[in-house]
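Let's go through this structure together, one question at a time. Keep the sequence and the 3D view at hand as we go.

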Amino acid sequence: MMWRYFSKFIHSPIGFNPSNSLPVNCEMGSYFAARNCNLQGLLNGSLHEYSTGTFAASSASLSEDQPKDSSVSDMLVDSFGRLHTYLRISLTERCNLRCQYCMPAEGVELTPTPQILTKAEILRLADLFVSSGVNKIRLTGGEPTVRKDIEDICLELSNLKGLKTLSMTTNGIVLARKLPKLKECGLTSLNISLDTLVPAKFELMTRRKGHEKVMDSINAAIDLGYNPVKVNCVVMRGFNDDEICDFVELTREKPINIRFIEFMPFDGNVWNVKKLVPYAEMLDTVVKQFPSLKRLQDHPTETAKNYTIDGHAGRVSFITSMTEHFCAGCNRLRLLADGNFKVCLFGPSEVSLRDPLRQGAEDHELREIIGAAVKRKKRSHAGMFDIAKTANRPMIHIGG
């Protein structure tokens, strides 16, 4: 089965070949148009969506959003014209689960607490980014809800002038009891991680109990009016690929957006291409049971390929970081819990903002550091096989 989806892809360079580009429009329409485009792109050994023309068009579209009279926002524009308006802030490296794709079985060495950003430091840096053009912040970890001052952080972030969206990605273990207060403090959207609907498999994957608590958190979020409630599911062959349609069924009656994520390589998670279930294969699985699956028109900066199903209250999405990357529309930056700044999830390059901040750097000096790092951002990641061989931090250090 794997060979069907990778026979030529794994033997070809990840790049653009004009002779392999296709005229099929995958941005909107039926599953079948998307399937033809996706499969042909893979089998021709080319991620045709990311041709020179497409990349330029996406970058131009992003640049249209740039404030024309703002000089400081230039720090958020890279050398390819991509405007970065989305900042992911990791609040902690600590977590109350031990997910296999996030960290090795023996755990990871955590950064000493004095080297973790304080609330005041997080807020100052966040204010600097938002005043420069960032309009969306996502709180990650580790597990962000284990941080004791998370409610205060949410309240102060939500009051930043210019911030439109304050999101959080969480494992949901303690979310149900904290969510009412978090919503009061300005949390506007949620992603809850859940990789299996089987409690025993949950314990195997996370090395902890807690499946029922996560389900309770999903329902609590729905009851509090979050719409949609996004559920992130990392799909791994031989573990949960048999549950794909069971997850899709969750979208029938409830405003759940189930997001299937291709398994990605990070230090310590023992990534192997054999564990990867590619987007095209997941799509085939879904459409066989849900033939009314239809592709939506996605924004150029969207990370997911989004679909609807007739009669379903929710949606189905696929995050295809490995087989069909979306680097051309990337608008995301990352601030790690230790204060390091990272412009690409899969790139090893980082620069400290904590150190100059603690040494008394003024805002214009911090902007220069940030702007220089953004300008060094590469056009795209190296491709899944090279990523797997590149030294990078465990996901728990980077922030999910």
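Q: Which residue forms a salt bridge with Glu203?
A: A word of care to begin with: this is a predicted model. A salt bridge calls for a Lys or Arg nitrogen within 4 Å of a carboxyl oxygen, and here the closest N and O atoms are 3.2 Å apart. Glu203 is partly exposed, with a relative accessible area of 35%. Its partner is exposed at 64%, and that partner is Lys209.

Q: Which residues are joined into one network by salt bridges that share partners?
A: The structure holds 15 salt bridges. Some of them share partners, and in this way they join three residues into one network: Lys201, Asp242 and Glu243.

Q: Which residue of helix H4 is linked with Arg358 of helix H11?
A: Arg358 sits in helix H11 (residues 354-358), and its partner in helix H4 is 237 residues apart from it in the chain. The closest N and O atoms of the salt bridge are 2.7 Å apart. Arg358 counts as partly exposed at 38% relative accessibility. The partner counts as buried at 11%, and its name is Glu121.

Q: Which residue meets Asp363 in a salt bridge?
A: Asp363 belongs to helix H12 (residues 363-375), and this pair also links distant parts of the chain, 239 residues apart. Asp363 is partly exposed, with a relative accessible area of 34%, and the partner counts as partly exposed at 31%. The N to O distance is 3.0 Å, and the side chain on the other end is that of Arg124.

Q: How many Å does helix H4 reach from its first C-alpha to its last?
A: Helix H4 covers residues 119-131, which makes 13 residues. At 1.5 Å a residue, the expected span is 18 Å. The model comes close to that expectation, with a reach of 18 Å.

Q: Which residue just after H4 takes a positive phi?
A: Within H4, many side chains are accounted for as buried, among them Ile122, Leu125, Phe129 and Val130. Just after the helix, the backbone takes a positive phi of about 130°. The residue with that angle is Gly133.

Q: Which element gives the largest share of the largest nonpolar core?
A: The largest nonpolar core has 78 residues, and Phe129, Ile137 and Phe260 touch the most other members. The largest share of this core is 7 residues, and the element they come from is H4.

Q: Which residues are in contact with Phe129, leaving aside its neighbours within four places in sequence?
A: Phe129 is one of the buried residues of H4 and one of the three that touch the most other members of the largest core. Leaving aside neighbours within four places in sequence, its contacts are Met75, Leu76, Leu87, Val134, Leu333, Phe341, Leu353 and Ile370.

Q: Why is there no bond between the sulfur of Cys327 and that of Cys344?
A: A search of the whole structure finds 0 disulfides. Cys327 is buried at 12% relative accessible area, and Cys344 is partly exposed at 25%. A disulfide needs two cysteine sulfur atoms within 2.5 Å. The closest cysteine sulfur to that of Cys327 is in Cys344, and it is too far for a bond because the separation is 6.3 Å.

Q: How many Å apart in space are Val343 and Val374, C-alpha to C-alpha?
A: Val343 is found in the loop between strand E12 (340-342) and strand E13 (351-352), and it is buried, with a relative accessible area of 13%. Val343 touches Val374, and its other contacts include Arg332, Leu333 and Lys377. The two valines are 31 residues apart in sequence, yet their distance in space is 6.3 Å.

Q: Is Thr145 buried or exposed?
A: Thr145 lies in the loop between strand E3 (136-140) and helix H5 (150-158). Its contacts beyond four places in sequence include Ile150, Met168, Thr170 and Leu175. The cut-off for burial is under 20% relative accessible area. Thr145 has 1%, so it is buried.

Q: What percentage of the residues of the protein chain count as buried?
A: The secondary structure comes to 14 helices and 13 strands. The chain exposes about 16,800 Å², with carbon and sulfur atoms supplying 53% of it. Of its 400 residues, the share that count as buried is 56%.

Notes. Residues numbered from 1 in each chain as written. Predicted model: local features only at pLDDT ≥ 70, side-chain atom pairs only at ≥ 80, totals over all residues. Heavy atoms only, no water. Helix = DSSP H or I, 4+ residues; strand = E, 2+ residues; numbered from the N terminus. Expected span 1.5 Å × (residues − 1). Buried < 20%, exposed > 50% of the residue type's maximum accessible area, 1.4 Å probe, protein only. Core = buried A, V, L, I, M, F, W, Y, C linked by side-chain atoms within 4.5 Å. Contact = heavy atoms within 4.5 Å. Areas by Shrake-Rupley, 256 points an atom, 1.4 Å probe, with all protein chains shown as cover.
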